[in-house]
Amino acid sequence: MDNDILSFSSLDKTTDPKGVVTSTHIPEDQLAEIVSLRPTNFNDYVGQQDVVDTLKIAIQAAKIRNEPLDHILLHGPPGLGKTTVSHIIANEMGKELTITSGPTLEKGGDLVGILTHLGEGDILFIDEIHRIPKVVEEFLYPAMEDFAVDFVFDKGIHARSHRYRLKQFVLVGATTRVGLLSAPLRDRFGIFRTLDFYSVKDLVVIIKRSALLLHTPISDRGAVELARRSRGTPRVANRILKRVRDYSQVKSNGEVTQSTVRAALCLEGIDTLGLTSLDRNYLKTIIDFYKGGPVGIEAIAATLQEETDTLVDVVEPFLLKIGLVLRTSSGRKASEKAYHHLKIIVKDPDKQNSDGQKY
Ligand code: ADP
């Protein structure tokens, strides 16, 4: 028998009280914190109204027909709530949720091991599904379409194939780069939705809910200031809320206010638009090294000594969204707004750089 298939998942699985299985080890205290801020039903899931509406209808219809849901593909930058959606779906359907990610599924056996343990209607969430190796992806096709996996025994003329039936599970795939998904995989998802960055108004609601759960008093202006600096991303909002909570408890009376937000985030290097030092260095690289662009992403990554994937998945989507960077056919360009935000004056259009300019 193929050794790859025999060596079933060696993933380090953690099971929380709600039956959530994750493929990476998360310490108990951290897991409790993550789960406590993560909404478990659609009422607490703020924003993304069209995604929520689509899913609510699909869930209701599946319940009426007493059938599992169609497979779902969620696209969008990190931290916008893709994993959270899979938790909510499992909760609403009353099924178990298994969480894994593309890069951890190294061999066909890793995936088969997980698939054969899924119950009827259970949800399998695969994060970064675009990074799933080709050999593993081949097992996904029959699993998604026919709820079966094919084992091949022996090799050459002795090769025999055996089909193993799976329970009808629901695959929820999440990706930051839908363009990297192969067409056959993309086509096997019945529902495809893109999550967008959150408005300040939605982030204020998320921040106030999280502050309540963390027993942290927060003023309205404090919540708005935090929301403005959260890069349109709930995960960032929750993370910086915790930093400001620390600051407010140590340096003030514990209440998160506009002034404690400003002071705490200044220490964190987060500016008025929510940009981090990596965001600013990215922009400065384009302006200083490449005269404002256009420049290819590989060149920016090499100058910054950063992973291209990090820049494309984490840094660029928000900078594009707020118009600080432009993507042209010949590469990335810093916009006028970027010069303005970094307080860089364009002295000579042929030699745009920030030499001698104070940021
Ligand atoms: P992704 O899977 O897209 O990287 P997550 O689902 O892990 O993002 O979301 C990160 C955190 O942000 C969650 O733990 C949750 O607390 C919060 N969050 C995300 N989306 C929402 C939302 N719509 N409403 C409230 N909180 C949210």
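What share of the contacts in the protein chain with a separation of 6 or more comes from residues 24 or more positions apart? In this predicted model, where local features need pLDDT of at least 70, side-chain atom pairs count only at pLDDT 80 or more, and totals for chains, interfaces and linings use all residues, the share is 67%, a contact being heavy atoms within 4.5 Å. Residues are numbered from 1 along each chain as its sequence is written, and side-chain values use heavy atoms, with hydrogens and water left out.

Of the 359 residues in the protein chain, 50% are buried (under 20% relative accessible area, 1.4 Å probe, protein chains only). The chain exposes an accessible surface of about 17,900 Å², and carbon and sulfur atoms hold 50% of it (Shrake-Rupley method, 1.4 Å probe).

Turning to the ligand, 18 residues surround it, with Val 46, Gly 79, Lys 82, Thr 83 and Thr 84 the closest; a residue belongs to this shell if one of its heavy atoms lies within 4 Å. Polar contacts are pairs of N or O atoms within 3.5 Å. A polar backbone atom of Val 46 sits 2.8 Å from a nitrogen atom of the ligand. Oxygen atoms of the ligand are also met: one lies 3.1 Å from a backbone N or O atom of Gly 81, and one lies 3.1 Å from a polar side-chain atom of Asn 238. The protein buries 96% of the 560 Å² that the ligand exposes when taken alone. Helix 4 (82-93) and helix 10 (234-251) are the elements giving two or more residues to the shell (helices are DSSP runs of H or I, at least four residues, numbered from the N terminus).

Terms used
A polar contact is a pair of N or O atoms within 3.5 Å; within protein, one must be able to donate a hydrogen and the other to accept it, and residues adjacent in sequence count only if both atoms are side-chain atoms.
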